[in-house]
Amino acid sequence: MMKTYITVLFIFILCLLSFYGCDSKQTALTEKGGIWVVYDRECRKCHKASGKGSLVGRFVFKIPNFTNPKWQDNVSDSRLIISVANGKRKMPGFKGKLPDEEIVDLVKVCVRSFYPPQAQ
Ligand code: HEC
């Protein structure tokens, strides 16, 4: 009995870890200052410091990989700004929660900076 319980618990923890991912670059992000502080606070939990999104998030929630050049080439700033403002499926909208200028900067500065992928 106990063994089954421990196995189930272990698998559960593994799932949690793979969902949230290890995100060791957290402090490096805030150190960049400016709009990155907002990214770190509002966006990192889903999109990660790497901009790639967690593995499970990518498959289950269709989180885009910001470091993918094909994705970057196919999305306009205005579309991304509207998505962040109004929300898109599993992503909440940030209009009203964040000032408009911050939403614009999050897309133009943060999201676009992952292309080309930054040196690690
Ligand atoms: C709760 C998790 C979550 C948070 C927090 C979150 N996102 Fe997202 N984001 C998602 C998901 C899921 C998608 C994929 C939406 C879809 O296409 O179904 C997404 C998509 C996007 C896209 C692509 C939109 C498009 O038009 O394809 C951008 C850009 C983006 N997020 C930026 C941000 C920014 C900037 C923040 C912080 C202000 C943020 N996200 C916070 C989950 C999140």
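**Close-up views of an all-helical chain**

**View 1. Crossing of H3 and H7.** The axes of H3 and H7 come within 10 Å and cross at roughly 100°. Angles of 65 to 115 degrees count as roughly perpendicular, so H3 and H7 are roughly perpendicular to each other. On the H3 side, the contact is made by Ile35, Trp36, Val38, Tyr39 and Cys43. H7 contributes Glu102, Asp105, Leu106, Val109 and Cys110 to the contact. By class, the residues of the contact of H3 with H7 are eight nonpolar, no polar and two charged. The model shown here and in the other views is predicted.

**View 2. Surroundings of Cys110.** Which residues are in contact with Cys110, leaving aside its neighbours within four places in sequence? They are Ile35, Trp36 and Tyr39. These three residues are also listed for H3 in its contact with H7, where Cys110 is listed for H7. Cys110 is also among the residues with the most contacts inside the largest nonpolar core.

**View 3. The largest nonpolar core.** This core has 13 residues. Those with the most contacts inside the core are Tyr39, Val84, Ile103, Leu106, Val107, Cys110 and Val111. H3, H6 and H7 are the elements that give two or more residues to the core. H7 gives the most, with five residues. Tyr39 and Leu106, both named above for their contacts inside the core, also belong to the contact of H3 with H7.

**View 4. The shell around the ligand.** There are 23 residues around the ligand, and Cys43, Cys46, Ser83, Arg89 and Met91 come nearest. The elements that give two or more residues to this shell are helix H3 (35-47), helix H6 (77-86) and helix H7 (100-113). H3 supplies the largest share, five residues. By class, the shell has 14 nonpolar, two polar and seven charged residues. Cys43, one of the residues that come nearest to the ligand, is also part of the contact of H3 with H7. The elements H3, H6 and H7 that are listed for the shell are likewise listed for the largest nonpolar core.

**View 5. The chain as context for the close-ups.** The chain has seven helices and zero strands, and along the sequence its pattern is α-α-α-α-α-α-α. Of its 120 residues, 19% count as buried. Among the contacts in the chain with a separation of 6 or more, 49% are between residues 24 or more positions apart.

Notes
Residues are numbered from 1 along each chain as its sequence is written. This is a predicted model: local features need pLDDT of at least 70, side-chain atom pairs count only at pLDDT 80 or more; totals for chains, interfaces and linings use all residues. A residue is near a molecule or strand if its C-beta atom, placed from the backbone, lies within 6 Å of it. Helices (H or I, at least four residues) and strands (E, at least two) are DSSP runs, numbered from the N terminus. Ala, Val, Leu, Ile, Met, Phe, Trp, Tyr, Cys and Pro count as nonpolar, Asp, Glu, Lys and Arg as charged, and the others, Gly among them, as polar. Axes are lines fitted to C-alpha atoms, for helices over the stretch in contact, and angles run from 0 to 180 degrees between N-to-C directions. Angles under 35 degrees count as roughly parallel, over 145 as roughly antiparallel, 65 to 115 as roughly perpendicular and the rest as oblique. Two residues are in contact if their C-beta atoms, placed from the backbone, lie within 7 Å. A nonpolar core is a set of buried Ala, Val, Leu, Ile, Met, Phe, Trp, Tyr and Cys residues joined through C-beta atoms within 7 Å. A residue is buried if 20 or more other C-beta atoms lie within 10 Å of its own, exposed if 12 or fewer, and partly exposed in between; C-beta atoms are placed from the backbone.
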